[in-house]
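Reader: Please take a close look at one part of this model, the open sheet and what packs around it. Keep it brisk.

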Amino acid sequence: MKEIEPIAIFRSPLTTKFGIPRQSGVAEALQGRIVFCPPFRREEALRGLESFDYLWLIWGFSGNETQTWKAGDSLMVRPPRLGGNQRVGVFASRSPFRPNGLGLSSVRIEKIEQGEIVVSGADLMDGTPIYDLKPYLPYTDAHPEARGGFTEKKAWTELIVTFSDVAKAALEPEMCNVLSTLLAQDPRPSYQTDSERIYGMEYAGHNIRFQVKERHCIVLTAERIITNTNYDDYQR
């Protein structure tokens, strides 16, 4: 069988695994870019795509490259929706720890320009390899009457997100809006309930420090990280 190679790389303001939305579409304010590799960076490959609203992305969990699966390994995982305490079969979950490390995401097309695609709602980390993309077809891909398994039995309550004056001063209003959407999903591991603990995540060149008390999340600080990449590179 032919070994697959990436057709594109995803650019996102989220540069580490921590803080990435648990599913595509839950943080639609978050935008990223699909940047095609040279052999596929041709206008003809995208011709006709402008008439669609959504895409399916097939991509690789590049943040889990050290993971290996061997015969006899457990094929059970602990989904965050179940509190990280109950196990289900790996193929009954969307866990990133999978035999072949492939992800599937539905994202909204915002614009197509210069051989790149700006999308919203992606749950991909910066630098993620994309192996294929296909247009979303409402008449076959949408099943609103379908059952959702254990996800329907365990309600998900979003956090209430606020910003300290220090954090607000360091971030643009648009960045605060996106961060509110991301943090409302509660990126903490399910087993972390220490209300005094301060968490950190990287977003758009900033080290974001936040704390969660009950269902309230407060962004404490947002310190600039010195890199060669600007926030505008993700949003241009």
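Author: Two strands count as paired if DSSP finds at least two bridges between them. This is a predicted model. Start with one pair of strands. β10 and β11 pair in the antiparallel sense, over 6 bridges. Within this pairing, Y199 stands opposite F210 in β11.

Now widen the view to the sheet. It is open and has 4 strands. Their order is β9-β12-β11-β10, and the pairing is mixed. The edges belong to β9 and β10. Each has a single partner strand, so one side of each is left without a neighbour in the sheet. On average, neighbouring strands are turned by 30° against each other, direction ignored. Strands of a sheet pair through backbone hydrogen bonds, either parallel or antiparallel.

Next comes the helix. α3 lies across β9, β10, β11 and β12. Against β10, α3 runs at about 125°.

The nonpolar core draws on these elements too. The largest such core has 27 residues. F163, L171, L182, M201, Y203 and I208 have the most contacts inside it. Two or more residues come from each of β9 (160-163), α3 (173-184), β10 (198-203), β11 (206-213) and β12 (216-224). α3 gives the most, with 7 residues. Apart from this core lies another, of 19 residues. L46, L49, W59 and I130 are among them.

To put the part together: α3 lies across the four strands β9, β10, β11 and β12, and the helix and these strands each give two or more residues to the largest nonpolar core.

Notes
Residues are numbered from 1 along each chain as its sequence is written. This is a predicted model: local features need pLDDT of at least 70, side-chain atom pairs count only at pLDDT 80 or more; totals for chains, interfaces and linings use all residues. Side-chain values use heavy atoms; hydrogens and water are left out. A nonpolar core is a set of buried Ala, Val, Leu, Ile, Met, Phe, Trp, Tyr and Cys residues joined through side-chain atoms within 4.5 Å. Buried means under 20% relative accessible area, exposed over 50%, partly exposed in between (1.4 Å probe, protein chains only). Axes are lines fitted to C-alpha atoms, for helices over the stretch in contact, and angles run from 0 to 180 degrees between N-to-C directions. Contact means heavy atoms within 4.5 Å.
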